[in-house]
Amino acid sequence: MRAPAGVVTADTTVVVPTVGRPSLARVLATFLAPSHPGVEAVVVVDDRPADDERPLHSLVPALPLDGTRPWLSVVRSYGRGPAAARNLGAAGARTPWISFLDDDVEPEPGWAAHLVHDLESAGPAVAGIQGRVEVPLPTDRRPDDFARSTAALATSRWITADMTYRRVALVAAGGFDERFTRAYREDADLALRVAATGARLVTGRRRVVHPVRSERAGVSVRAQRGNADDRLMRALHGPDWRARAEAPHGRLRRHAAVTALGAVGVVALAARRRRTAWVALAGWAAGTVELFLARWLPGSRSRRETARMLWTSAAIPPAATWHAARGAVVHRQAEPWPSHRWLVLLDRDGTLVRDVPYNGDPEKVEPVDGAEEAVARLRGAGAYVGVVTNQSGVGRGFLERAQVDAVNSRVEELLGPFDVVKMCPHAPEDGCTCRKPAPRMVLEACAELDVPPERCVVIGDIGADVDAARAAGARGILVPNDATRPEEVAAAPFVRPDLRSAVEAVILWAAQAR
């Protein structure tokens, strides 16, 4: 969405990480009007699970994907959680800033113009700018428990309901930690990692309204799953993470004590230790009543609300205790994100782009089917992505080095940016150590990005690509095409029919290694 001549653009990409809510149409309306020229591109992430095959237009009828708005695109993250969805949406961005905007907020009139002001006002030390969030509460009655919980968003720090980061800061931090599979704490985790580099996070002038949506009964019990995420935060950032993230302390200690009293009471009853049982159960009842009153007194106190507060106040302490204990076990050895990022090196001709022999013309560069999606998928999964290519045309005198560089630049323009690009200009008879199947380019790429070879994968279309990976101690995946010889297919340890399935294999390996 380029601005007219003479109008300064924000030079940002807006990522909306979810679909399915009717409010998405209102968010998109912010960018459909000609009075909002400040955003270069909008990426909507279809985060539905893979088994949800409903057409997207049936969920979002207002999504204008008729080709008239080339700055609007949709990518699919297949239900891996909001952190993964945001990573995928940001992966293809080429702007200096990336703005995350949830689909359940309502940007104020002039939001894009205020965003431009926020970005233009940011000094070089500013890595992130948060928008201001307003949560309107009902005026005709007291807000219920869920409404008060939602209202806390107005004072929360670094929430991605409306948050903008410099792309370089986001890439340096490795993006959002995809171990946070719910919309909880992934924003605070990223903010702490970015702030740890010495960069500043500030609050801008733009505003969004976050309405209190209706929720099914028991939402407060389901929300206790966040205690597992809090255990991950503690493992990653230490016991003082709440102070640094400006996150208030919850009631976990009280919940654990109430749960323990209830458990002791039940066990004592079974053992016929009645005195112990009644003392413990009395303590459990007192704790439950205290929680009920703390939630019920500020609320509407309607009959329906009272009934909900009663049963959820009994269920919350054991749910919170269980999820906290589960999180402590699962995340006891959690490493910083990304823990030893994977590096995926792709052959250029025949793998990323169609093979044009000795091509020195950038205009002839044509990505293979699915290349853009596959590369974006790798970036969204937190991997480094690079290119390793043999260009013997230079050594044979068919091409100038500048021509190869121009073609590489065009490939990067269409599919990049790449974290590393390695090129061998030698002819086969030169006997160099960089031309595949020799491992030098692979090893140099690993050393440059500080990735051990065992966490590197080379994807190519001929046996030399796979052999280079094997010689370097990396893994190789062969994606055959018409130029691949049958004996190369037979010798390859891993063969995938296309680039997309090869990428999915890499992501599976990376997930299993965590």
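Start by selecting Arg348, Asp349, Val353, Arg354, Val356, Asn359, Lys364, Val365, Glu366 and Val407: together they line the largest cavity of this predicted model. Its volume is about 40 Å³, and the structure holds 1 cavity of 30 Å³ or more. If you want to picture how such a space is found, rolling a probe the size of a water molecule over the atoms shows where empty space is left.

Next, go to the surface and select Val289, Leu293 and Leu297, which make a nonpolar patch of about 220 Å². Show the ribbon as well, and you can place valine 289 in helix 12, which covers residues 274-296. Is valine 289 buried or exposed? Neither label fits: with a relative accessibility of 45%, valine 289 counts as partly exposed.

Now for the cysteines. Select cysteine 432 and cysteine 434, and display their sulfur atoms. The sulfur of cysteine 432 has its closest cysteine sulfur in cysteine 434, at 3.6 Å, which is too far for a bond. Cysteine 432 is partly exposed, with 22% relative accessible area.

Then move on to cysteine 446 and cysteine 456. How far is the sulfur of cysteine 446 from the closest cysteine sulfur? The distance is 3.9 Å, to cysteine 456, and that is again too far for a bond. Cysteine 446 counts as buried, at 3% relative accessibility.

A disulfide is a covalent bond between the sulfur atoms of two cysteines. The cut-off used here is 2.5 Å between the sulfurs, so neither the 3.6 Å of cysteine 432 nor the 3.9 Å of cysteine 446 qualifies. As a last stop, the count for the whole structure is 0 disulfides.

Definitions and conventions:
Residues numbered from 1 in each chain as written. Predicted model: local features only at pLDDT ≥ 70, side-chain atom pairs only at ≥ 80, totals over all residues. Heavy atoms only, no water. Buried < 20%, exposed > 50% of the residue type's maximum accessible area, 1.4 Å probe, protein only. Patch = residues over 30% accessible without salt bridge, like charges linked within 9 Å, V, L, I, M, F, W, Y side chains within 5 Å. Areas by Shrake-Rupley, 256 points an atom, 1.4 Å probe, with all protein chains shown as cover. Salt bridge = Lys/Arg side-chain N within 4 Å of Asp/Glu carboxyl O. Helix = DSSP H or I, 4+ residues; strand = E, 2+ residues; numbered from the N terminus. 1 Å grid on protein atoms, 1.4 Å probe; cavity = no way out; pocket = protein on both sides within 12 Å on 5 of 7 lines; lining within 4 Å. Points joined across faces, edges and corners; volume = space filled by probe spheres on them.
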